[in-house]
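Notebook open, coffee on the bench. I want to go through the sheets, chain by chain, and jot down what packs on them.

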Amino acid sequence: MSLAGTSQPSGSVPGQAGGFHRVAFTGKASEYFGIWIVNVLLTIITLGIYSAWAKVRRNRYFFGNTVLLGRAFEYHARGLQILIGRLIVLGGLIVLNVIAALVPILVLLPTIVILVALPWLVAKGLRFSARVTSYRNVRFDFVGTAGGAFKAFILGGLLAVITLGILSPLASRWVGRYIGSNLRYGGKAFDTDPRLGPLYKSWLLSLLIALVGLAIIAFLVVANLPTILAAIETPGAVTPEQQVPLITSLVAGYVVLFVTFAVAGLFYRAGVRNITWSATTFDGQHRLMSDLSRRRYTWIAVTNVIVTLITFGLMRPWAAVRMARYTWEHTGVTFAGDVGELFARIEAQGSAIGAEFMDLEGFDFGF
Amino acid sequence: MASEERAIAGGDWHPAGSSRSVAARLVDRSGRLAAVPEAGGTPLAEAPADRAEISARVGSIPRRITFSDGSVFETWDNDGIDRYLAANGRGGAGLVHWLEQFRLRLVVVVLAAFVLGGAIYRFGVPLLVEVAVRVTPPVVPELMAKGTMEALDATTFSPTRLPEAKRREIADGFARIAALSPRGEAGYTLNFRDGGAIGPNAFALPDGTLVVTDQLVTLAGDDTEMIVGVLAHEIGHVELEHSLRQLYRAAGMAGLIMLIAGDVGSGVEDVLVQGGGLVALSYSRAAEAAADRRSVELMAKAGFDPAAIARFFTLLEEKLGDRSGTSMLSTHPGTPERRKEILDYARILSGQSAPDRQ
């Protein structure tokens, strides 16, 4: 392989000048197709039990093909570990839902317990994801608390929903700070503080897209207004013939709503990724960068879903590799100083090694 | 020494827990694995072959060889590692990787995945639902019903204001059809309630508790037989265990989508959830139609007008102006369509039972 380690004097990493380096993605759709379909088949045959091992193979493939400076990231979780974590979470959910089904007064119990446990599970899940990820033989770590997760995900999400999305950029900032500033690599900290100004600028475009969708729906309502008014005034006056355009409009409106909000969300997600990654530093001096084109990112995501659906899922591996390649190739790091020297100094810090066995996978959060 | 060495692959060696790396070669020294610096010199790490852990092959991502001292040798040369494993009787790249390769045999895997996936959806989930319904102890629907009744009584319902005679008349008719159900008369309890916000309605809880609202009885006027027809429909829901079945089917579908979630991507997952909702609605419409047919059967057996419930739908059309057609977005079939189906079924049933009497 061209990426194999080159001959260098022993005792040091290949000396590489600092400066800007892009991440590369070396995964291939044809190669991932086999991994993917075997994952699906074995998951079906084992009635779902294999899905934990399938996740390990999938993540090992994607992490192992994400390459920075000629070296790949690695995913270290074990299938059994993930299976146990899932069984615990699933068992808890079943018990809660059975209680709620038997005692309808407690119908909100699962929601309340999940809301209370969620920040804790999110923090645990992020720590698990970080600790099973390594680069150059050193693991990442995550030191965020449940309180921080509560603020970033629950409080932020709630504010965003209550204000109909107006405070979404604030929530995005909290999430970016929570993840980006609690991440550690070899005992050294990442730090990020995405600014509200750029986040709102990015948000404005998504707002416009959502407004276009709402305008189309308003148009559909106005077009059907005579029929709707007639139906309200004298129930039963609407004949089955009149219902056809009404139902067609209803379905069209639903599809428009689904599509425009998905597109607005994708534009926003790409914008937030650019802003958050580009505001992130490692060890106070090395700068991360993301330069996705929001239009291209949205195009890839939307066409991925369409192609996957019309091929009954068979093109999903192609879609997944296509998206990973696009996002990773638009990600980079600007190293200050000599890269070889930097990596010669980084050592794993005690707490992160092996400690993932104490963690639950909890919820799935990738980096 | 050098003559016993066989090179396996070139790569990088890391001390335990360090990102510092040394360009190195992995060599087989008569049964022991060792990482030797590319530049020559003493081995960086060495271990008996069975004590060094070699990571499983996934695509062509780098392989890790972890020595017992925690140091790691990493290489992109998957083929070199596989050759070494195969030569030492350790199975090469392994069965899973063999299956995964993009060869003609992968077509078999694809077909098997589609056939088995389809079979799980078509037969596996319904079978699991049946098994779950069978093994659910009767105490579960009882507790569900008890809780629902208490919650509704506390929030929406108030005691019935129907005259005693009217209630007795309905209860007598109800007893006649309930006795013909496999659960028997004791399997059901009929409750009268003022429906409040719920309005004219009748419903069954999974343990056989039936509720009919004052508003429905008033809507029916003098036609008690029609109310009994509606109650027969609710008995149908209880007999066919529709509530439990719907609950388990929803859980089964959610489980199926969750299992493949990681492999289909969040966009496709959203579409599947929406599609699952439409499928659930079609089951709900099928359940209503089945309960309608059960009503016709029970009413015919008890000597009532088998199509009594059809009069209820006529009433709905006239008084509430409900002429909606069936669409893929509704929980119940369209009212005119239901009425027609009931009348047809009643006709078929009487046609078939006629020869029996001769």
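These are my notes on the sheets, the helices lying on them and one stretch annotated in a record.

Before anything else, I noted that this is a predicted model.

**Chain A, the sheet.** I looked up the strand order and got an open sheet of 11 strands, S1-S11-S10-S9-S8-S7-S6-S5-S4-S3-S2, with antiparallel pairing. Which strands stand at the edges of it? They are S1 (19–22) and S2 (24–25) of chain A; each has a single partner strand, so one side of each is left without a neighbour in the sheet.

I then picked one pair to follow. Strand S10 (286–290) and strand S11 (331–335) of chain A are joined by four bridges in the antiparallel sense. In that pairing, A:Ser290 sits opposite A:Thr331 of S11(A).

**Chain A, a helix on top.** I checked helix H4 (109–131) of chain A and found that it lies across S5 (133–135), S6 (138–142) and S7 (183–185) of chain A. H4(A) runs at about 170 degrees to S6(A).

**Chain B, the sheet.** Here I found four strands in an open sheet, ordered S8-S9-S11-S10, and the pairing is mixed. S8 (158–159) and S10 (202–204) of chain B have a single partner strand each, which is why one side of each lacks a neighbour in the sheet. S8(B) pairs with S9 (189–194) of chain B in the antiparallel sense, over two bridges. I traced B:Ser158 to its bridge partner in S9(B), B:Asp194. Helix H7 (224–239) of chain B packs on this sheet, touching S10 and S11 (209–213), and its direction makes about 25 degrees with that of S10(B).

**Chain B, the annotated stretch.** An unreviewed UniProt entry lists residues 104–124 of chain B as "transmembrane region". In the model, that span is 90% helix and 0% strand, with its end C-alpha atoms 29 Å apart.

Note on methods: Residues numbered from 1 in each chain as written. Chains lettered and ligands numbered in written order. Predicted model: local features only at pLDDT ≥ 70, side-chain atom pairs only at ≥ 80, totals over all residues. Pairing = 2+ DSSP bridges. Contact = placed C-beta atoms within 7 Å. Axes fitted to C-alpha atoms, helices over the stretch in contact; angles between N-to-C directions. UniProt positions renumbered as here; feature names shortened; annotations may be inferred.
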